[in-house]
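Got the viewer open? Let's take a short walk through the model, one selection at a time.

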Amino acid sequence: MKKFIFLIPAALCIIIASCSKDSGLDPGKGLSPGFDKGFKPCVPPITYSPSADGDDTDELKALISGAEPGSVIKLSLGEYHLGYMELYGFNGSLVGAGKEKTKIILKPSIDQLSQLDENKTPGWWRLIGGDITLSDITFLTPDGFLSDEEDYDTSIGSDLYSMFMVNNYNDEYYHPDGPPQKLLVKNCSFIGGTNKDMSKDMYWVTEHNTWLAFWIGVDYIWPKDGVNYLLTKGDYVFKECYFDNFLDGAEGFSLGENATFTVTGCRLNKCKIPLFFIANYNSCISITNNIFTGSQQYDIFIEDIDAGFLSNTEINPIRRCSYVITGNQFNTRQVSSIVLCDTWIGTDPTQRLPMLFTIKGNLFNLNGSDCCITALNSQDPVIRNNRFTGTCETGVYINGGITQDLFGIVTVPNIVCAKNALILGNNFSGLKTTNAAVVLGDKTMNCTVIGTGKEKVVDDGINNKVTGMKKVPGGHHFGPLIRDNVRTWRGRDQL
């Protein structure tokens, strides 16, 4: 029985008749029929209801792949059960009846070995190219093993690597001159399952059975010889969403000068590192008005090293990659809220431009013994008008000459990399620290701290200025141990 209906009211028919059809780019072979038809702004919506047999994979995949550009596919209330979904060049919207009303549940098992054998980043949904909107849906993975228990990759065990694998291209759809990808995810929930039996977590032993909700980045495990890859280009927006029980809620990797990444108005709960960014160059990332609770290692981790995964990618230092973190609430227990690592500047400053950070107007509710904000080798970071409450070791820690490789902390001798930090207008009055409100390490230079309280500022650096706070010497702190990088399994045999 057909479960999808085209809705064409009489008035809509008149409008549709007047719609023009634009010519599109030739997308190459093997793409969905809807991609190369051009954008049609007036397309009747389609409704779809859950299958009676408990498996919606084939029908929904065919419906999405064959939809006209601009289509809105409306999912009725109920539960949908889907296996592996691979979509190329979809231009349209997948809209539910509401987060609590429309649920899409993974149907085990996902054959991740086949994806790995094709040099693809393994996931449940593969979204390549297109202009995609997801809204008003809950996506969740059930508890237990999500890959074949008898045939799994030892890197990730039987866990699912990512719910969504997203990029503007891969080896099957390679379009250097194609348009940037667009992805809007609005009012959706993403809930990872629990793996009580961790015996097959061969590399990363946690109770999470899904590592990432979203992987935004290159779709390969290791770059192929002789293939020139591009940095990711697209506009990626997460708005008013909920992430629960992942290693990473969302990760951005290999974003380039034609990429933006926005996370706004979201809640991120019980993730090891809710937001993880690494190896992004010339792009713009905005993290605004979100709430972080129950994080297990960091709330936000930002790194710029690529660990060799972009060895076949031409990266031009066009502009500094910008991260703006504003208006967020961090409810932190025994973890660092924000960690910033400018590794390239600490190891080879001729290769890349330093990242540019603005952290302002955030509320940090702390209850632990770590640093709240750590910036290693950062140049010109602005940390202003934030409010710090609760307990921690250090409110803000700035230092250079320290960086990270894949296996932990690395000290870079005789290099002063942390420069020109501006720490201004922050409220530390409700914060109790065992060290100091601000620590400027011995590899800092020309930093400025301006406050209106009596909180301590430890200054071991060169030509730093402290006004309106109590400047004291000594108390050098080495910073957090950067450990257990979730990216290390990718291509580990090639390292």
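Start with Thr260 and look across to β21, where its bridge partner is Cys284. Keep in mind along the way that this is a predicted model.

Now select the two strands involved. β18 and strand β21, which covers residues 284-288, run parallel to each other and share five bridges. Next, add strand β15 (residues 232-239): with β18 (residues 255-264) it pairs in the parallel sense too, over seven bridges. To find one spot along that pairing, click Thr232, which stands opposite Leu255 in β18.

On to the nonpolar interior. Which residues touch the most other members of the largest nonpolar core? Pick Trp125, Phe190 and Phe214; the core they belong to has 88 residues. Colour strand β36 (residues 427-440) as well, since no element gives more to this core: five of its residues take part.

Zoom in on Phe190. Leaving aside residues up to four places away in sequence, its contacts include Phe139, Met163, Phe164, Val185, Phe214 and Tyr242. Asp244 is also one of the residues that Phe190 touches.

Apart from the largest core there is another, made of 34 residues. Select Met165, Ile273, Tyr281 and Trp344, which are among them.

Last stop: Asp299, in strand β23 (residues 298-303). Is this residue buried or exposed? Asp299 counts as buried because its relative accessibility is 0%. Show what surrounds Asp299: beyond residues up to four places away in sequence, it touches Ile273, Pro274, Leu275, Phe292, Phe330, Thr332, Ser336 and Ser337.

Conventions: Residues numbered from 1 in each chain as written. Predicted model: local features only at pLDDT ≥ 70, side-chain atom pairs only at ≥ 80, totals over all residues. Heavy atoms only, no water. Core = buried A, V, L, I, M, F, W, Y, C linked by side-chain atoms within 4.5 Å. Buried < 20%, exposed > 50% of the residue type's maximum accessible area, 1.4 Å probe, protein only. Helix = DSSP H or I, 4+ residues; strand = E, 2+ residues; numbered from the N terminus. Contact = heavy atoms within 4.5 Å. Pairing = 2+ DSSP bridges.
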